[in-house]
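Welcome! Take a moment to turn the model around on your screen before reading on.

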Amino acid sequence: MAARKLRKLQFGRESTAGTAVAATKIWRGTGTLEDTREIRRPDEDVGYLSRVDRSYTANLGGRLSLDSVEATFEQLPVLLSCAVAEDTAGVADSTGSGYIYTFTAPTTSAATLTTLTWEGGDSQAVEEMEYGYPERVRIQGSPGDALMMSADFVGRQVSTSSFTKSLSLDAVEEIVFSKGALYIDDVTGTIGGSEVSSTLLGVDIDYGTGIVAKRAANGKLYFDFVTQTGPDITVQLTYEHNASAVTEKAAWRAETPRQIRLQWTGSTLTTAGSYSVKTFTLDMAGKYESFEAIDEMDGNDIVRCTFRPAYNEDADLFFEAVVVNEDELLFT
């Protein structure tokens, strides 16, 4: 028997993709490992009404769905390093105490990405999955709450293991939606130059990584390697139906590309550098794909729209995330 509250998820960064490592961090959220091995039973005419016990394992695999949990300045970068582009050691912010992590989505060449070994289980049994990579990462936010983050990881296989011992819980700080800001600029302008206040009421960012596992005749039942087919990103925004929203709807009708910055701030850093507070910034160029009919929220008119990030030469921008915290290394 095992109590639900004794479940735990731990992870470590793999130096070589697919070579399992000991965990270095505890994931401050929920989720369980799933063994997705495929066992097949051939059809055959052998004179039995019943099945006979012939079977074989065709392939091995694993999955970990990280449930939606409050996004934090300390652990959101873990997902971004796995999904967007690897950055595992923050750049010191001049003389300040902050460390700057930058995750730039690939355009003309594949990105280097972080893979993880995951440990999951409870007091009864523990399992491990190596070569963990995310198929997608999702960031959502609405008024009166924190941003929420979730991810769907795939791995080579799930096997019995044990927890790496003596790991402590990291201190984390939630990214609160209401402490965010929206900036919209022309692609020929400077991103972050024009704040659009009292307009953003919700955001839902779905980052499909485009990472695909490839199986080959390599003497193993699990996948051999992964390839990047290109990220597929959808950003759904909810706007107050005001003059700014009307302007953006006109940009949609005219197919006018836009630069959008979403930025959230947190507590004051111990020592100020170029940043004085913890910060999460998303910069993207692209075009609006659709605007829905006017709806309402709390008796007030709103409009929901879909923005699709795409590389723009004038802005020299596709999709980039920056996180500033006081953690020098993500995985130690």
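The report below goes from the overall picture to a few selected places.

## The whole protein

What you see is a predicted model. The protein has 332 residues, and buried residues make up 46% of them. Its fold contains 22 strands and 2 helices. If you follow the C-alpha trace along its principal axes, the protein spans about 75 × 50 × 45 Å.

Contacts often link distant parts of the sequence: of those between residues at least 6 apart, 72% join residues at least 24 apart. On the outside, the protein exposes about 16200 Å². Carbon and sulfur atoms supply 45% of that exposed area.

## Asp185, a buried acid

Let us begin with strand E13, which covers residues 180-186 and holds Asp185. Asp185 is buried, yet it has no salt bridge. Its nearest side chain of opposite charge belongs to Arg261, 7.4 Å away. Such a bridge would need a nitrogen of Lys or Arg within 4 Å of a carboxyl oxygen, so the distance of 7.4 Å to Arg261 does not qualify.

What does the side chain of Asp185 reach at 3.2 Å? The partner there is the backbone nitrogen of Gly193. The side chains of Asp185 and Ser194 are also joined, by a polar contact of 2.7 Å. Beyond four places in sequence, the residues that Asp185 touches include Thr190, Ile191, Gly192, Arg258 and Gln259.

## Asp283 and its arginine partner

Now move to strand E19, residues 277-291, where you will find Asp283. Is Asp283 buried or exposed? Its relative accessibility is 9%, and because the cut-off for buried is under 20%, Asp283 counts as buried.

Arg261 turns up again here: its side chain and that of Asp283 are joined by a polar contact of 2.7 Å. Leaving out residues up to four places away in sequence, Asp283 touches Ile191, Ile260, Arg261, Leu317, Phe318, Phe319 and Glu320. Ile191 is among the residues touched by Asp185 and is touched by Asp283 as well.

## Thr30 in a loop

Thr30 sits in the loop that runs between strand E2 (25-26) and strand E3 (33-35). With a relative accessibility of 32%, Thr30 counts as partly exposed, because that value falls between the limits of 20% and 50%.

Which side chain makes a polar contact with the side chain of Thr30? That partner is Asp67, at 2.7 Å. Apart from neighbours within four places in sequence, Thr30 is in contact with Arg4, Leu9, Ser65, Leu66 and Asp67. Leu9 and Thr30 are 21 residues apart along the chain, while their C-alpha atoms are separated by 7.4 Å.

## A covered helix and a nonpolar patch

Helix H1 runs through residues 76-83 and is mostly covered, with 8 of its 8 residues buried. Among them are Leu76, Pro77, Val78, Leu79 and Leu80. Ser81, Cys82 and Ala83 are buried residues of H1 too.

For a view of the surface, look at Val46, Tyr48 and Val52, which make a nonpolar patch of about 280 Å². Val46 lies in the loop between strand E4 (38-40) and strand E5 (56-59). At 44% relative accessibility, Val46 counts as partly exposed.

Terms used. Residues are numbered from 1 along each chain as its sequence is written. This is a predicted model: local features need pLDDT of at least 70, side-chain atom pairs count only at pLDDT 80 or more; totals for chains, interfaces and linings use all residues. Side-chain values use heavy atoms; hydrogens and water are left out. Helices (H or I, at least four residues) and strands (E, at least two) are DSSP runs, numbered from the N terminus. Buried means under 20% relative accessible area, exposed over 50%, partly exposed in between (1.4 Å probe, protein chains only). Lys and Arg count as positive and Asp and Glu as negative; His and the chain ends are not counted. A polar contact is a pair of N or O atoms within 3.5 Å; within protein, one must be able to donate a hydrogen and the other to accept it, and residues adjacent in sequence count only if both atoms are side-chain atoms. Contact means heavy atoms within 4.5 Å. Patches are made of residues with over 30% relative accessible area and no salt bridge: like charges are joined within 9 Å, nonpolar side chains (Val, Leu, Ile, Met, Phe, Trp, Tyr) within 5 Å. Accessible areas come from the Shrake-Rupley method with a 1.4 Å probe; for residues, only the protein chains shown count as cover.
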